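Good morning. I have one structure to go through today, and I will keep to what can be read from the coordinates.

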Amino acid sequence: MGQAIGMIETKGLIGSIEAADAMIKAANVTLIKQEFVDGGIVTVIIQGDVGAVQAAVDAGREAAKRVGELLGAHVIPRPDESVRNMVDPLDYTNYEQQKHQQSEPKPGPKVQSAKKTDA
């Protein structure tokens, strides 16, 4: 069963954080991404069951209106897989692994010892 995607777009970071907090507290949803668009526009994306996402987006919409400028709110009940791929979820585990791998010293080329010969 696919999960719905909900989005709240605000002008400014404070409204987006308030909306994200309200969405997470309002329903059983997962925050999957916060996207910073040009000009101070921030989009917060969540996922979960359709009913939970709709309730969360409603709560987030009202929260964003209270403290900031709400630009838009939308729920996609069953997004196509290609749309879902556009919204890569936050994967801090993978990010930390990649960061760790980059900081590890890379093994240098193996130096073979010269073979002793009786000449």
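I will go through the fold, then the pocket, then the salt bridges, and end with the surface and a few distances.

Please keep in mind that this is a predicted model.

Start with the fold. The protein chain has 4 helices and 4 strands. Read from the N terminus, the order of the elements is β-α-β-β-α-β-α-α. The chain has 119 residues, and 28% of them are buried.

Next, the pocket. What is the volume of the largest pocket? It comes to about 150 Å³. Its lining is made up of Ile5, Met7, Lys33, Glu35, Ile45, Ile76, Val83, Met86 and Val87. Which elements supply at least two residues each to that lining? They are strand S1, residues 4-11, strand S2, residues 30-36, and helix H3, residues 81-86. Sorted by class, the lining has 7 nonpolar residues, 2 charged residues and no polar ones.

The charged residues in the lining bring me to lysine 33 and glutamate 35, which are both on the list I just read. Lysine 33 sits in strand S2. Is lysine 33 buried or exposed? Lysine 33 counts as buried, because its relative accessibility is 18% and the cut-off for buried is under 20%. Glutamate 35, at 33% relative accessibility, counts as partly exposed. The side chains of glutamate 35 and lysine 33 form a salt bridge, with 3.2 Å from N to O. So here we have a salt bridge between two residues that line the largest pocket, one of them buried and the other partly exposed.

Lysine 33 also gives us a long-range pair. Its partner is valine 87, another residue of the pocket lining. Lysine 33 and valine 87 are 54 residues apart in sequence, while their C-alpha atoms are 7.4 Å apart in space.

On to the salt bridges in general. Side chains of opposite charge can pair when their charged atoms come close. How many salt bridges does the structure hold? The count is 5. I have already covered one of them, glutamate 35 with lysine 33, and I will take two others.

One of these joins arginine 66 and glutamate 18, at 3.7 Å from N to O. Arginine 66 is in helix H2, residues 50-67, and glutamate 18 is in helix H1, so this pair ties together parts of the chain that are 48 residues apart in sequence. As for accessibility, arginine 66 is exposed, with a relative accessible area of 59%. Glutamate 18 is partly exposed, at 28%.

The other joins aspartate 21 and lysine 25, and here the N to O distance is 2.9 Å. Aspartate 21 and lysine 25 are both in helix H1, 4 residues apart, so about one helical turn separates them. Aspartate 21 is partly exposed at 34% relative accessibility, and lysine 25 is exposed, with a relative accessible area of 65%.

Helix H1 comes up again on the surface. Leu13, Ile17 and Phe36 form a nonpolar patch there, and together they have about 310 Å² of accessible area. Of these, isoleucine 17 belongs to helix H1, which covers residues 13-26.

Last, some distances between residues that are separated along the chain. All of them run from C-alpha to C-alpha.

Threonine 30 is in strand S2 and is partly exposed, with a relative accessible area of 43%. Its C-alpha atom is 9.7 Å from that of isoleucine 5, and the two residues are 25 apart along the chain. Isoleucine 5 is one of the residues that line the largest pocket.

Isoleucine 41 belongs to strand S3, residues 41-48. Its relative accessible area is 22%, so isoleucine 41 is partly exposed. How far apart in space are isoleucine 41 and glycine 12? The distance is 5.9 Å, C-alpha to C-alpha, with their positions 29 residues apart in sequence.

Arginine 61 is in helix H2, and it is partly exposed, with a relative accessible area of 23%. The C-alpha atoms of arginine 61 and leucine 71 are separated by 9.4 Å, and these two residues are 10 apart along the chain.

That is what I have.

Note on methods: Residues are numbered from 1 along each chain as its sequence is written. This is a predicted model: local features need pLDDT of at least 70, side-chain atom pairs count only at pLDDT 80 or more; totals for chains, interfaces and linings use all residues. Side-chain values use heavy atoms; hydrogens and water are left out. On a 1 Å grid over the protein atoms alone, a cavity is a set of points where a 1.4 Å probe fits but cannot get out, and a pocket is an open set with protein on both sides within 12 Å along at least five of seven lines; lining residues have an atom within 4 Å of a point. Grid points are joined across faces, edges and corners, and a volume is the space filled by probe spheres set on the points. Ala, Val, Leu, Ile, Met, Phe, Trp, Tyr, Cys and Pro count as nonpolar, Asp, Glu, Lys and Arg as charged, and the others, Gly among them, as polar. Patches are made of residues with over 30% relative accessible area and no salt bridge: like charges are joined within 9 Å, nonpolar side chains (Val, Leu, Ile, Met, Phe, Trp, Tyr) within 5 Å. Accessible areas come from the Shrake-Rupley method with a 1.4 Å probe; for residues, only the protein chains shown count as cover. A salt bridge is a side-chain nitrogen of Lys or Arg within 4 Å of a carboxyl oxygen of Asp or Glu. Buried means under 20% relative accessible area, exposed over 50%, partly exposed in between (1.4 Å probe, protein chains only).
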